[in-house]
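Hello,

Here is the structure I promised to pass on to you. Have a look at it first, and then read my notes below.

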Amino acid sequence: MAHKHGHGKERIQFANTEDKQEFSKYPTKAGRRSLSRSISQSSTDSYSSAASYTDSSDDETSPRDKAQVNTQGSSDFCVKNIKQAEFGRREIEIAEQDMSALISLRKRAQGEKPLAGAKIVGCTHITAQTAVLIETLVALGAQCRWTACNIYSTQNEVAAALAETGVPVFAWKGESEDDFWWCIDRCVNREGWQANMILDDGGDLTHWVYKKYPSVFKKVRGIVEESVTGVHRLYQLSKAGKLCVPAMNVNDSVTKQKFDNLYCCRESILDGLKRTTDIMFGGKQVVVCGYGEVGKGCCTALKALGAIVCITEIDPICALQACMDGFRVVKLSEVIRQMDVVITCTGNKNVVTREQLDRMKNGCIVCNMGHSNTEIDVASLRSPELTWERVRSQVDHIIWPDGKRVVLLAEGRLLNLSCSTVPTFVLSITATTQALAVIELFNAPEGRYKQDVYLLPKKMDEYVASLHLPNFDAHLTELSDEQAKYMGLNKNGPFKPNYYRY
């Protein structure tokens, strides 16, 4: 099991040495079995922390029932096992190497501590990458209390490392629904501590505060939300006139959109398909449903490996773009019989129907790269005449009465998060954007932001991008005074009007 962020040589060495030590260090009854179990569990939903080897099967007591203290004598946290902190620290250090933007943000702002006095309550995935974000916020002067936005995605050893450094973390991998809300409650409801900033992923924390502790919003200066779902919930609150503090929509900032959707999918679509099916792409007939940012990323990668790609699209503009990029635009029903692979990324529902699944050829692979698991009509496949066969983690063969098989990946859930990993560099972009949004809202003068949902100022987007340029040894050209005047721009940006599409 190679390590999540291993690159090249590091990865091999990790697999050979660290792994063995790891399993002898925590003798688990199940030994290697516990590793495969933790993977299949985590991948039932979002970020699969395939690198989390800490599902110690012999310890079935709930973390809620254990009394643990860190080396500073604090017990204001609840994690699986505080003793794994040192191991989690190594994970965080590996993630830091690919998140240099956050590290340079720490260096630049260390002196002025722009978050001094900020009390942030956060609810995100708890992985090595988000740990780098949390520790950056702390380095900039904030006090943080943190919980997980997903019951499976927590890396236990990383949660332990954070708790060890004094960040109150309430999260472990494989929480129950009840544990999930209990953790959020412990995070918000602390005597003598009142949050003044909320950092959320998915909107659950914001929802809980609205439901249980509406008085908290008197002190809160703003909410920062990073996911599509959470942003949607904020816009609904705003429409209903119930949003009582400013909120920052990080999800739709240019850098996050491009990286999370276009570049990330360009890298992870092949990864997810290869890990699950070991498919060879050259000469395969592939149909990609939807040619938005995600579709564009998937098509670029598939085309480069010699797959024959066609597109389905409802929007004439995206369809024309696909034609100009050299892809045939078709209706799914016209080509479904010939296809080897079907990939959905529309964000819509019932894009692949039972009737189309019935017409697929034997061995066709069906998967989804869109946000939710509604795109493929999976429910229609759970009917008595079809046989489901679990082939390996996240791979099901669905067998028709005549013996035809269709290969369904991750039960129609998000392929790249369920079956592979997301590059740390991509998460670095998102995390840097979140950090800047927190700084912006926390320090904004009274009245700059009303009780509404805002996009990050373009200046901030440009700053996020500039922090990532040193990774590539890229050198920006500077405008001369004369040029700046001619273009009507400030030399330091922003360089584009708000309506500009990148």
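A word on the annotations before anything else: UniProt positions are given here in the numbering of this structure, and such annotations may be inferred rather than shown by experiment. Please also keep in mind that this is a predicted model.

With that said, the unreviewed UniProt entry carries a "binding site" annotation that covers Thr-127, Asp-201, Glu-226, Lys-256 and Asp-260. I looked more closely at two of these positions.

Glu-226 sits in the loop that links β5 (222–225) to α9 (228–239). Its relative accessibility is 11%, and because the limit for "buried" is under 20%, Glu-226 counts as buried. Setting aside residues up to four places away in sequence, Glu-226 touches Asp-200, Asp-201, Val-250, Asn-251, Lys-256, Thr-430 and Gln-434. Two of the names in that list, Asp-201 and Lys-256, also appear in the UniProt annotation.

Asp-260 belongs to helix α10 (residues 254–277). This residue counts as buried too, with a relative accessibility of 18%. Again not counting residues up to four places away in sequence, Asp-260 touches Cys-265, Val-426 and Thr-430. Thr-430 is thus a contact of Asp-260 and also of Glu-226.

Next, a residue that caught my eye: Asn-196. You will find it in the loop between α7 (177–188) and β4 (197–200). Asn-196 counts as buried at 11% relative accessibility. What does its side chain reach at 2.6 Å? The partner is the backbone nitrogen of Lys-119. Beyond its neighbours within four places in sequence, Asn-196 is in contact with Gly-117, Ala-118, Lys-119, Lys-219, Val-220, Arg-221, Gly-222 and Phe-442.

Finally, some strands and helices to trace on your screen, with β8 (residues 308–312) as the place to start. Four of the five residues in β8 are buried, so this strand is mostly covered. β8 runs parallel to strand β7 (residues 285–289), and five bridges join the two; Val-286 stands opposite Val-309 of β8. Together with helix α11 (residues 293–304), β7 and β8 form a right-handed β-α-β unit.

β8 also pairs with strand β9 (residues 328–329), in the parallel sense and over two bridges. Here Ile-311 has Val-329 in β9 as its bridge partner. With helix α12 (residues 316–324), β8 and β9 make a right-handed β-α-β unit.

Happy browsing, and do write back with any questions.

Best wishes

Definitions and conventions: Residues numbered from 1 in each chain as written. Predicted model: local features only at pLDDT ≥ 70, side-chain atom pairs only at ≥ 80, totals over all residues. Heavy atoms only, no water. Buried < 20%, exposed > 50% of the residue type's maximum accessible area, 1.4 Å probe, protein only. Polar contact = N/O pair within 3.5 Å; in protein donor to acceptor, adjacent residues only side chain to side chain. Contact = heavy atoms within 4.5 Å. Pairing = 2+ DSSP bridges. Right-handed = clockwise from strand over helix to strand, strands pointing away.
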